[in-house]
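User: Please take a close look at one part of the structure shown here, and then set that part in the context of the chain as a whole. A connected account in formal terms would be most useful at the bench.

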Amino acid sequence: MNLMFKPNTAKQTMSLGRSFVRNSGIVGRTFASATRQSPIDLKPEEVHAEIDINLSTQYRDIENGKLNLDGRALITYYDGGNMNFKSYHTTSEWQSLQFHFHAPSEHTIDGKYYDAEMHMVFQGITHKEELAVVGILFEACEDAPKDQFLESLQLHKLAQPSSETEIAHASPGNLFDRVGSDENFHYQGSLTTPDYDECVQWFVFDKPLKVPPSQIKDMEEFWSDMNCEGCVQGNARHLQTVGSRVIHKVKHTCKGRVS
Ligand SMILES: [Zn+2]
């Protein structure tokens, strides 16, 4: 996950995000006392089923947005997503801040890396100091149809080292509808970029979305020559120890698009 500090408000994220990426020198720092770092390997056979945890999300279409490429970040600031998280008797509300990409994936399933991973980042409304991230894994497949959401971001128009493209129209709701799974791995984790704050509720879809190799290539090219410190490859952080954490399977109902 690519968020370089713990935000207090969406506005603060908007104003500080990019400069923080440039100015931070704390890359690859170690955490002697860290117990909930991300990403991790998600092992289906070790997952605990939880019947009383439920997640629902919905997304407003993007009109006249921007996609920014700045070093390690390929990011769109986006406040059109809402999340509702019910855990037993408590309900919390969340609002999206931004989404961004990693190639290859940061999380693995049963030790397997996927070709890319998108992180939709939410900030707690009920618990302002917490973040939640919904992760979608992408897998290159020759026969897969082009994904319209990725296509609308026009990744091929971006150029290193720093640039920005206009997004005329894009529908994150359509992307989530296409994932074809309503199950997420859920665990307590951290940011995957400095300062690696342990403030993230992670939700990662249990099945990858298949897209043509050309759409993966658009993402890989940004980081193919970059050897980010602390990364296994590209801009994906090394896997972290699961430790005593429990990974749950939770139901994710995507309500699709909101007008
Ligand atoms: Zn990320």
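Analyst: Residue N64 touches E166 and A168, when residues up to four places away in sequence are not counted. The model is predicted, and every statement that follows concerns that model. N64 and H169 are separated by 105 residues in sequence, yet their C-alpha atoms lie 6.3 Å apart in space. N64 itself is found in strand β3, which covers residues 62–70.

The backbone at N64 deserves attention. Most residues other than glycine have a negative phi. N64 is not a glycine, but its phi is positive, at about 55 degrees. Is N64 buried or exposed? It has 8 other C-beta atoms within 10 Å and is therefore exposed, because the cut-off for that class is 12 or fewer.

A second non-glycine residue with a positive phi is Q154, where the angle is about 50 degrees. Whereas N64 belongs to a strand, Q154 lies in the loop between α2 (148–153) and β10 (162–170). Q154 has 15 C-beta neighbours inside 10 Å and so counts as partly exposed.

Strand β3 leads on to strand β4, residues 73–77. The two strands pair in the antiparallel sense over three bridges. Within this pairing, D70 has A73 of β4 as its bridge partner. The hairpin of β3 and β4 has two residues between the strands, and G71 in this hairpin takes a positive phi near 60 degrees.

Strand β4 also contains I75. With 23 other C-beta atoms within 10 Å, I75 is buried, since the threshold for burial is 20 or more. The exposed N64 of β3 and the buried I75 of β4 thus fall on opposite sides of these cut-offs. I75 is 26 residues from F101 along the chain, and 7.2 Å separates their C-alpha atoms.

From there the account turns to strands β6, β8 and β9. Strand β6 spans residues 90–102, and it pairs with β8 in the antiparallel sense over eight bridges. Q98 stands opposite V121 of β8 in this arrangement. Strand β8 is also joined to β9 by eight bridges, again in an antiparallel arrangement, and M120 has V134 of β9 as its bridge partner. A hairpin of six residues connects β8 to β9. Strand β8 therefore has antiparallel partners in both β6 and β9. Eight of the nine residues of β8 (116–124) are buried, so this strand is largely enclosed by the rest of the structure.

The nonpolar core can be read against that background. In soluble globular proteins, nonpolar side chains tend to be buried together. The largest nonpolar core here has 54 residues, and F122, A132, V133, F138 and F203 touch the most other members. Strand β9 (residues 131–140) supplies the largest share of this core, with seven residues. F122 shows what such a position involves: apart from its neighbours within four places in sequence, it is in contact with G81, M83, W94, Q95, S96, L97, L131 and A132.

Two peptide bonds also call for comment. Most peptide bonds are trans. The bond from S38 to P39 is cis, with omega near 0 degrees, and P39 lies in the loop between α1 (10–23) and β1 (41–42). The bond from A103 to P104 is likewise cis, with omega near 0 degrees. P104 lies in the loop between β6 and β7 (108–109).

For the chain as a whole, the model has four helices and 16 strands. Of the 259 residues in the protein chain, 39% are buried. Among contacts with a separation of 6 or more, 72% join residues 24 or more positions apart. The contacts of N64 with E166 and A168 and the spacing between N64 and H169 can be viewed in that setting.

Methods. Residues are numbered from 1 along each chain as its sequence is written. This is a predicted model: local features need pLDDT of at least 70, side-chain atom pairs count only at pLDDT 80 or more; totals for chains, interfaces and linings use all residues. A nonpolar core is a set of buried Ala, Val, Leu, Ile, Met, Phe, Trp, Tyr and Cys residues joined through C-beta atoms within 7 Å. Two residues are in contact if their C-beta atoms, placed from the backbone, lie within 7 Å. Two strands pair if DSSP finds at least two bridges between them.
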